Amino acid sequence: MSRVAVSVEGLGKRYHIGHTRERKDTLREALTAALRAPHAWLRTRRRGREARDETLWALRNLTFQVEQGEVIGIIGSNGSGKSTLLKILSRITEPTEGRAIIEGRVGSLLEVGTGFHPELTGRENIYLNGAILGMRRHEIDLRFDEIVAFAEIERFLDMPVKRYSSGMYVRLAFAVAAHLEPEILLVDEVLAVGDAAFQKKCLGKMGSVAREGRTVLFISHDMDAILNLCPKALFLSNGTCAYMGPASEAIHHYLQSVRPAESGVVDLRNAPGRDSEEYPILTSISTHRPDGSVSSEFRTGDTLILRVGYAVREPIKAPYCMIHFLNDVGHRIMSVSSTHDHCDLSLEREGTLECRIRDIRLREGTYSIDLAIGRSSPVSECMDYVESATTINVQLGDYLGGGRLLDHQGVVAQKSEWSSLNNAMAVVGDSIVGPSRYVGLR
Ligand SMILES: Nc1ncnc2c1ncn2[C@@H]1O[C@H](COP(=O)(O)OP(=O)(O)OP(=O)(O)O)[C@@H](O)[C@H]1O
Ligand SMILES: [Mg+2]
């Protein structure tokens, strides 16, 4: 019989925002401030109620259950409450209302900075985390070498973790969270800090944790990773559950919600899909036909022109712009980049970049477009990213000479030429290839 591992009932978390920086959390701070500026203190006292009322519900009325052994993806736009949820489940923060009941030992990898004591060495932190998970010393001893090998930090084991680079830190934190045999593993998308090889290793490890029948809750903006790892997903929107069910359905609902209603010319300055910490360099996107007219309807084989508006505070000498095309379940089907063709671009104040894609091979469907812009040297750095900046619809038309593709027949439309070699000898160029060698012909 299945057992509930996580049960969340009417969960809510309220944060104070805006004026909170002025709020004095300790009596000493409040008194010192009052002595320094008594009038200001009186004014804030009078406005106190207003100031305190500026609150934000990061989570509200959230109810769901996770059964033991389920692997759940958590998706949603920036600020939708994903990290807050995992912080409550791992008891880093308290809920304001409602409750979360957790059955089992929780291992978590949330943000860099939680779970480890900065003054302690890597070695000491492994034991500390094991002890927090309720493990005995000899149980931790058994896992120790495996953790160190996975994290690849042997040389730094006796260094305080405050001196670790963020990459080393995440490696160790993930290794500890995944190897200390938690019954429930909570992972926020900190994996993004590691390099590609390490990310792959982490996803592999999460897969094996899941196969061992342990419960995993995994936040990611990478829809491919969610689809690969999680049969089921929770889609959070404004702090509440907008959908929970099969991952492909959840992704579909999520992408629909961030997709702008308009297409054609889209103003990106307040785009919902932007990571809020970046200042908006990408200001607009529009899709055009070769004659310059704005359109979001294309046919396979057409030329598609994208115009990307930008505004920068300082000129960027070696910029890059990247455009990703995602299908309706969030798979990145194709990416084009200004660096692939060694374009000599530079960004001055504001302007428009034009990208022309000839003979698009996308098969029929709706594609959502993610945009990235940044500098490519001295180090590659993404400076603005907008998820689901716009969408285009593609019809197959007569690209395949009237042929059709079934759902399972791949993600691109590719023309092919066929001929029948029905005699015993196949003639290729000048050489004659006998039937036995034909098998290996490329
Ligand atoms: N300590 C805090 N104090 C005030 N507000 C906070 C705090 N932590 C989070 N918030 C706010 O709560 C909301 C939800 O934040 P949360 O970090 O859970 O979002 P998220 O879904 O993880 O976003 P992202 O995809 O960007 O990681 C946001 O509006 C955020 O600004
Ligand atoms: Mg987060």
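Pro118 lies in the loop that runs between strand E5 (106–109) and helix H5 (122–132). Keep in mind as you look around that this is a predicted model. Is Pro118 buried, exposed or something in between? Its relative accessibility is 41%, so Pro118 counts as partly exposed, since that class covers values from 20% to 50%.

Now look at what surrounds this proline. Setting aside neighbours within four places in sequence, Pro118 is in contact with Pro160, Val161 and Lys162. Take Lys162 as an example: 44 residues separate Lys162 from Pro118 along the chain, yet their C-alpha atoms are 4.6 Å apart.

The loop between E5 and H5 also holds Phe116, which brings us to the aromatic rings. How many aromatic pairs are there? The count is four. One of them joins Phe116 and Tyr169, whose ring centres are 5.2 Å apart. Their planes meet at 50°, so this pair is tilted, because the tilted class lies between 30 and 60 degrees. The pair links distant parts of the chain, as Tyr169 belongs to helix H7 (residues 166–179) and is 53 residues away from Phe116. Both Phe116 and Tyr169 are buried.

Rings can also have a charge sitting over them. Here are two such cases, each with the distance from the charged end to the ring centre.

| Charged residue | Ring | Distance to ring centre |
|---|---|---|
| Arg137 | Tyr127 | 4.3 Å |
| Arg313 | Tyr279 | 3.8 Å |

To find the first case in the structure, start at Tyr127 and look for the charged end of Arg137 over its ring. For the second, start at Tyr279 and look for Arg313.

Terms used: Residues are numbered from 1 along each chain as its sequence is written. Chains are lettered from A and ligands numbered from 1 in the order in which they are written. This is a predicted model: local features need pLDDT of at least 70, side-chain atom pairs count only at pLDDT 80 or more; totals for chains, interfaces and linings use all residues. Side-chain values use heavy atoms; hydrogens and water are left out. Helices (H or I, at least four residues) and strands (E, at least two) are DSSP runs, numbered from the N terminus. Buried means under 20% relative accessible area, exposed over 50%, partly exposed in between (1.4 Å probe, protein chains only). Contact means heavy atoms within 4.5 Å. Rings of Phe, Tyr and Trp (its six-membered ring) pair if their centres lie within 6.5 Å; planes under 30 degrees apart count as stacked, over 60 as edge-to-face and the rest as tilted. A charge sits over a ring if NZ of Lys or CZ of Arg is within 6 Å of the ring centre and within 35 degrees of the ring normal.
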